[in-house]
Amino acid sequence: MEASQEADEMKRAVEEDRRLFLQTVIVRVMKSRKSMSHTGLIQEVIEQSHARFVPQVSAIKKSIEQLIEKGYLDRSKEQLDVYDYVA
């Protein structure tokens, strides 16, 4: 019973670390590029993350949405599938 609880805690900790890592990678990419398409950003994040783990696209999308809510990214006014970095 206790081993199962420890495994659950470890899984949550790993998921949280990965979520924060993805957000860091997204901000780093967007800071250097300033503007990027959705597909390009997803590909770049996967490429930069694959040394640590292979992220799921759904996790990357969720991280992008969280960064939009936090004010780090914004959707382009001209193109719906483009994100802009907010300095």
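Which residue lies over the face of phenylalanine 21, and at what distance from the ring centre? In this predicted model, the residue is arginine 52, placed 4.3 Å from the centre of the phenylalanine 21 ring. Aromatic pairs are another matter: searching the whole structure turns up one.

**Overall layout**

Let's step back to the chain as a whole. The protein chain contains three helices and three strands, and their order along the sequence is α-β-α-α-β-β. The C-alpha trace spans about 55 × 25 × 20 Å along its principal axes.

**How the helices cross**

Helix 1 covers residues 2-33, helix 2 covers residues 38-49, and helix 3 covers residues 57-70. Their pairwise geometry fits in a small table.

| Helix pair | Axes come within | Crossing angle |
|---|---|---|
| Helix 1 and helix 2 | 10 Å | roughly 120° |
| Helix 1 and helix 3 | 9 Å | roughly 65° |
| Helix 2 and helix 3 | 11 Å | roughly 115° |

With axes that cross at roughly 120°, helix 1 is therefore oblique to helix 2. For helix 1 and helix 3 the angle is roughly 65°, so helix 1 is roughly perpendicular to helix 3. As for handedness, helix 1 passes helix 2 in a right-handed crossing, the crossing of helix 1 and helix 3 is right-handed, and the crossing of helix 2 and helix 3 is right-handed too.

**Helix 1 against helix 2**

Now for the residues themselves. On the helix 1 side, Phe21, Leu22, Val25, Ile26, Arg28, Val29, Met30 and Arg33 take part, and they meet Leu41, Glu44, Val45, Gln48 and Ser49 of helix 2. Sorted by class, this contact holds eight nonpolar, two polar and three charged residues. Phe21 is thus a familiar name here: Phe21 belongs to the contact with helix 2, and the face of its ring has arginine 52 over it.

**Helix 1 against helix 3**

Which residues of helix 1 meet helix 3? They are Arg19, Leu22, Gln23, Ile26 and Val27, and their partners in helix 3 are Ala59, Ile60, Ser63, Ile64, Gln66, Leu67 and Lys70. The residues of this contact split into seven nonpolar, three polar and two charged. Leu22 and Ile26 appear in the contact with helix 3 and also in the contact with helix 2.

**Helix 2 against helix 3**

Here His38, Leu41, Ile42, Val45 and Ile46 from helix 2 meet Val57, Ile60, Lys61 and Ile64 from helix 3. By class, there are seven nonpolar residues, one polar and one charged. Some residues recur: Leu41 and Val45 meet helix 3 as well as helix 1, while Ile60 and Ile64 of helix 3 meet helix 2 as well as helix 1.

Notes: Residues numbered from 1 in each chain as written. Predicted model: local features only at pLDDT ≥ 70, side-chain atom pairs only at ≥ 80, totals over all residues. Heavy atoms only, no water. Phe/Tyr/Trp six-rings, centres within 6.5 Å; stacked < 30°, edge-to-face > 60°. Lys NZ or Arg CZ within 6 Å of the ring centre and 35° of its normal. Axes fitted to C-alpha atoms, helices over the stretch in contact; angles between N-to-C directions. Helix = DSSP H or I, 4+ residues; strand = E, 2+ residues; numbered from the N terminus. Parallel < 35°, antiparallel > 145°, perpendicular 65-115°, else oblique. Left-handed = near helix turned anticlockwise from the far one by under 90°. Contact = heavy atoms within 4.5 Å. Nonpolar A, V, L, I, M, F, W, Y, C, P; charged D, E, K, R; others polar.
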